[in-house]
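Hi,

Here is the structure I promised to pass on. Have a look at it first, and then read on for what turned up.

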Amino acid sequence: MEKLGSEHFGLCFDTGHFNLFSQVSLNEWMKQLQYYIIEIHLHDNYKTADDHNAIGDGTFDFETLFDMLKDKKGLIYTVEAHTPQDAIKSISKLENYI
């Protein structure tokens, strides 16, 4: 990331994919990469499939994520719901975090 040296390039952190695939803690991910994150894809799962559940319908720790990024400005949040109901539920849950 540092070698690119461009303010127009950053990372997208995907909560559901992290929850399903990562073998590294959320704290370690954020410690290493939070400076470079410019977008967050928001969805949840139970660590068994890429379900794209609504925020809170799974095991991802959204409270810790939003606490760690609370001072970061200009983030793009993308709700990755597969149903209108899950989109509405996720947006409602976001009121607790942002």
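Start with Asn53: setting aside residues up to four places away in sequence, Asn53 touches His43, Asp44, Asn45, Tyr46 and Asp86. Before you go further, bear in mind that this is a predicted model. Asn53 sits in the loop between β2 and α3. Is Asn53 buried or exposed? Asn53 is buried, since its relative accessible area is 17%, and the cut-off for buried is under 20%. A polar atom of the Asn53 side chain is 2.8 Å from the backbone oxygen of Asp57. Have a look also at Ala87, which is 34 residues from Asn53 along the chain, with 9.0 Å between the two C-alpha atoms.

Next door in sequence there's His52, also in the loop between β2 and α3. His52 has a relative accessible area of 9%, so it counts as buried. What does the side chain of His52 reach? One partner is the backbone oxygen of Glu80, at 3.1 Å. Another is the side chain of Asp50, with a polar contact at 3.4 Å. Beyond four places in sequence, the residues in contact with His52 are His17, His43, Asp44, Glu80, Ala81, His82 and Asp86. You'll recognise some of those names: His43, Asp44 and Asp86 are also touched by Asn53.

The backbone is worth a glance here too. Most residues other than glycine have a negative phi. His52, not a glycine, has a positive phi of about 55 degrees. Lys47 also has a positive phi, near 65 degrees, and Lys47 belongs to the loop between β2 and α3 as well.

Asp86 takes us to helix α4, residues 84–94, where Asp86, Ser90 and Leu94 are buried. Why do these three end up on the same side of α4? Because they cover an arc of only 80 degrees around the axis. On the face turned away from that buried side you'll find Pro84, Gln85 and Ile88, which are exposed. As for what covers the buried residues of α4, the list includes β2 (37–42), α3 (62–68) and β3 (76–79).

For a contrast, try Cys12, in strand β1 (residues 11–14). Cys12 is partly exposed, with a relative accessible area of 40%. Outside its neighbours within four places in sequence, Cys12 is in contact with Glu39 and His41. How far apart in space are Cys12 and Asn53? They are 18 Å apart, C-alpha to C-alpha, and 41 residues apart in sequence.

Last, the pockets. The largest pocket holds about 220 Å³ of space. It is lined by 14 residues, and those closest to its centre are Ser6, Glu7, Phe9, Tyr35 and Tyr36. What is the lining made of, by class? There are 7 nonpolar, 4 polar and 3 charged residues.

If you only have a few minutes, I'd open the loop between β2 and α3, with His52 and Asn53, and then turn to the buried residues of α4.

Cheers

Key: Residues numbered from 1 in each chain as written. Predicted model: local features only at pLDDT ≥ 70, side-chain atom pairs only at ≥ 80, totals over all residues. Heavy atoms only, no water. Buried < 20%, exposed > 50% of the residue type's maximum accessible area, 1.4 Å probe, protein only. Helix = DSSP H or I, 4+ residues; strand = E, 2+ residues; numbered from the N terminus. Arc of directions from axis to C-beta. Contact = heavy atoms within 4.5 Å. 1 Å grid on protein atoms, 1.4 Å probe; cavity = no way out; pocket = protein on both sides within 12 Å on 5 of 7 lines; lining within 4 Å. Points joined across faces, edges and corners; volume = space filled by probe spheres on them. Nonpolar A, V, L, I, M, F, W, Y, C, P; charged D, E, K, R; others polar. Polar contact = N/O pair within 3.5 Å; in protein donor to acceptor, adjacent residues only side chain to side chain.
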